[in-house]
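Biologist: Could you take me through one part of this model in detail, please? I would like to hear about a sheet and the loops that go with it.

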Amino acid sequence: MNEAFQIVILGGGTAGWMAATALATMLPRQRYSVTLVESEEIGIVGVGEATLPQMKNFNDLLGLDEAEMMRNTQATFKLGIDFVDWGYLGSSYVHPFGIHGPPASGLAFHQGWHRSRSGGRDWSVEDFSFAIAAARANRFDFPAAGKTTINSTYAYAYHFDASLYARYLRRIAEERGVTRIEGKVRDVDQAPSGDIRALVLESGDRLEGDFFLDCSGFRSLLLGGKLGVTWEDWSKWLPCDRALPVPTERCGDLTPYTRVTAMEAGWRWRIPLQHRTGNGYVFSSRFIDEDKARQQLLASLDEPLLAEPRLLKFEAGRRASSWERNCVALGLSSGFLEPLESTSIYLIQIAIMHLLPLFPNGRSDPRLIREFNRRMDLEYDRIRDFLILHYHLNSRVDGELWRYCRAMDVPESLTEKIELFRHSGYVEDYRDGLFNAPSWLSVFLGQGLTPQHHHPLADAVPEHRWRELFGALNRLRKRRQIDLSALPWDYEVVLRKPTAYH
Ligand SMILES: Cc1cc2nc3c(=O)[nH]c(=O)nc-3n(C[C@H](O)[C@H](O)[C@H](O)COP(=O)(O)OP(=O)(O)OC[C@H]3O[C@@H](n4cnc5c(N)ncnc54)[C@H](O)[C@@H]3O)c2cc1C
């Protein structure tokens, strides 16, 4: 019998254990073996508490039980992100995981909404989103089945404790046959071809493999360190380069959304978990020093401290490619674009999903490598543009950071999107890559960009059609508000009734 193809994963953070569990679940065990090496002494970055709805698909694919996962990771539900003070001081908008309204006669809902505003109606596009209404009412419910009712028009994600998630996945991965080795890698052995041949541990042991996943975090020991893949620095567009995470006591109301509040030189997050609240200040060291950032953070917390803030340093950017030779980097070792839209864990997940259908069983074919890197480039570029949008379109008058971001040149791909929206409200709806049209719409409008005109096609839709649409939505909205306030939403009640999840 042929020997199994040996996969070696370096690192046991979120990236390492997500990859290990996915590979152990999806690849045939008789043909592939998976070994993960990690160092408790080095530890994991341990932040990363907010996710996107795709996380549920990933967990489903791995066959994880939702209620069990939530109990094990102290998770809560998330319907979107509340952006406070982002457009200007005193503003607030929610980026929901759902649509704002249905299309009419093939035209995006917001075109009709915008046309009605031109006609004098003073309503917000947020008024029509079920996910936003539920978030603002501090309520959560599972989306209804089917696609015809307004309470089926959204998805949901989780807030969880990332360290607990890694620990939970570790147990599952080990049950599914992954071998875990405790140890610190001190050297990497390369074959004459340039492929990685083995990891050398401090104990002197060698860990040989056919294929390596670099999940070593910001160190990027294999892809950046050994294979020398260059770093693309995007900090001129995303200048935040420090974070001060700090846990506080559990908040009374477990809000079903992440709150991100713009600050003088960055922004702070608030994430409700079952056992504590996650907070932190992400800031740019070019515009504020650490002491002042710490003071501003401590002065802004809603709940009592559980530990002191600890400083993390990073740079926005990514490796020029994520797959090089027989090594793929996942997670922080492949890049980091700051946590504003909770995209890092998504990037781990999507890299695994792109990798699986291209997975090698011998030497890495350059065509597989090119295809994987093309897909990951697209993912990174689209997220980059979406993040920059939040900073660039701001009307804040305080803080040098905001003036800098308003004036900076942005990537051409983003300039085009902004100009298309500014002209007649056009939002590109691409198939590949993260963030679909409703996400772009909520940030365009939330950051204060209004289209100069509604699209001319909106005038071709008969007036009564728009009236029906808004009338129907209004009626649903009223009914929905009654439903929402009646929802006895309590996380613990639901967690005690796991069957209520599906
Ligand atoms: C401030 C901040 C907030 C964030 N918030 C979010 C968020 O809300 N949502 C989100 O999706 N993402 C968020 N992220 C990103 C998220 O934390 C990471 O994407 C995620 O935790 C994955 O980390 P990782 O597994 O790549 O690296 P790490 O957790 O750093 O793991 C690296 C692993 O490599 C091992 N290792 C390293 N060197 C060696 C060696 N020489 N020998 C052996 N083992 C070694 C370590 O022991 C560890 O196990 C945030 C990041 C930061 C900095």
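Modeller: Happy to; here is a walk through one sheet, followed by two loop residues.

This is a predicted model, in which local features need pLDDT of at least 70 and side-chain atom pairs count only at pLDDT 80 or more, while totals for chains, interfaces and linings use all residues. Residues are numbered from 1 along each chain as its sequence is written, and side-chain values use heavy atoms, with hydrogens and water left out.

The sheet is open and has six strands in the order β7-β2-β1-β11-β20-β19, with mixed pairing. The edges belong to β7 (179-182) and β19 (323-324); each has a single partner strand, so one side of each is left without a neighbour in the sheet. Strands here are DSSP runs (E, at least two residues), as helices are (H or I, at least four), numbered from the N terminus; two strands pair if DSSP finds at least two bridges between them.

Within this sheet, β11 (residues 211-214) and β20 (residues 327-329) run parallel and are joined by three bridges. Here L213 stands opposite V328 of β20.

Now to the loops. Between β19 and β20 lies R325, a residue other than glycine with a positive phi, near 50 degrees. R325 is partly exposed, at 35% relative accessible area. S342 also is not a glycine and has a positive phi, about 55 degrees. S342 sits in the loop between β21 (335-336) and α9 (344-355), and is buried, with a relative accessible area of 7%. For these words, buried means under 20% relative accessible area, exposed over 50%, and partly exposed in between (1.4 Å probe, protein chains only).
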